[in-house]
Amino acid sequence: MSKIINEESHLEEKDSYSKEEIDSIPVFFCADCLSLAVRRYTEGQSYCDKCYCTNIETASIEQWKLLYKERYGHSFITKK
């Protein structure tokens, strides 16, 4: 059984989730390099594990994908 954070920031237990439910979860990313490898250092302080920047932002996964494609000229994941 997995846990997901719902809109009210409560944990909800379910066996499976729809794509819409998963896509509604905000992602944390580095504002400098757009990496999703964000680590929590202390309470309230996170950093990018790739470039060590502390400028961390949140967005929907779809918004992040657009930012990534604009910056790097290709999708993060290319489907075959």
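In the predicted model, alanine 59 is in contact with Pro26, Val27, Phe29 and Trp64, when residues up to four places away in sequence are left out of the count. Three of these partners, Val27, Phe29 and Trp64, join Ala59 in the largest nonpolar core, a set of seven residues that also includes Leu34, Ile61 and Tyr68. Within this core, β3 and α2 (61–72) each supply at least two residues, and the greatest contribution comes from α2, which gives three.

The elements that carry these residues belong to a protein with two helices and six strands, arranged along the sequence in the pattern β-β-α-β-β-β-β-α. Among the contacts with a separation of 6 or more, 35% are made by residues that stand 24 or more positions apart. Of the 80 residues of the protein, 21% count as buried, while the accessible surface comes to about 6400 Å², with 52% of that area belonging to carbon and sulfur atoms.

Two residues other than glycine were found to adopt a positive phi, leucine 34 with a value near 70° and tyrosine 52 with a value near 65°. For context, most residues other than glycine have a negative phi. Leucine 34 is placed in the loop between β3 (27–30) and β4 (38–42), whereas tyrosine 52 is placed in the loop between β5 (45–48) and β6 (56–59). As to their surroundings, leucine 34 has a relative accessible area of 4% and is therefore classed as buried, in keeping with the place of Leu34 in the largest nonpolar core. Tyrosine 52, by contrast, has a relative accessible area of 58%, and because this value lies over 50% the residue is classed as exposed.

The largest pocket of the model has a volume of about 180 Å³. Its lining is formed by Leu36, Ile61, Glu62, Trp64, Lys65, Leu66, Lys69, Ser75, Phe76 and Ile77, and by class these comprise six nonpolar, one polar and three charged residues. Ile61 and Trp64 appear both in this lining and among the members of the largest nonpolar core, and Trp64 is in addition one of the residues touched by alanine 59.

Definitions and conventions:
Residues numbered from 1 in each chain as written. Predicted model: local features only at pLDDT ≥ 70, side-chain atom pairs only at ≥ 80, totals over all residues. Heavy atoms only, no water. Helix = DSSP H or I, 4+ residues; strand = E, 2+ residues; numbered from the N terminus. Buried < 20%, exposed > 50% of the residue type's maximum accessible area, 1.4 Å probe, protein only. Contact = heavy atoms within 4.5 Å. Areas by Shrake-Rupley, 256 points an atom, 1.4 Å probe, with all protein chains shown as cover. 1 Å grid on protein atoms, 1.4 Å probe; cavity = no way out; pocket = protein on both sides within 12 Å on 5 of 7 lines; lining within 4 Å. Points joined across faces, edges and corners; volume = space filled by probe spheres on them. Nonpolar A, V, L, I, M, F, W, Y, C, P; charged D, E, K, R; others polar. Core = buried A, V, L, I, M, F, W, Y, C linked by side-chain atoms within 4.5 Å.
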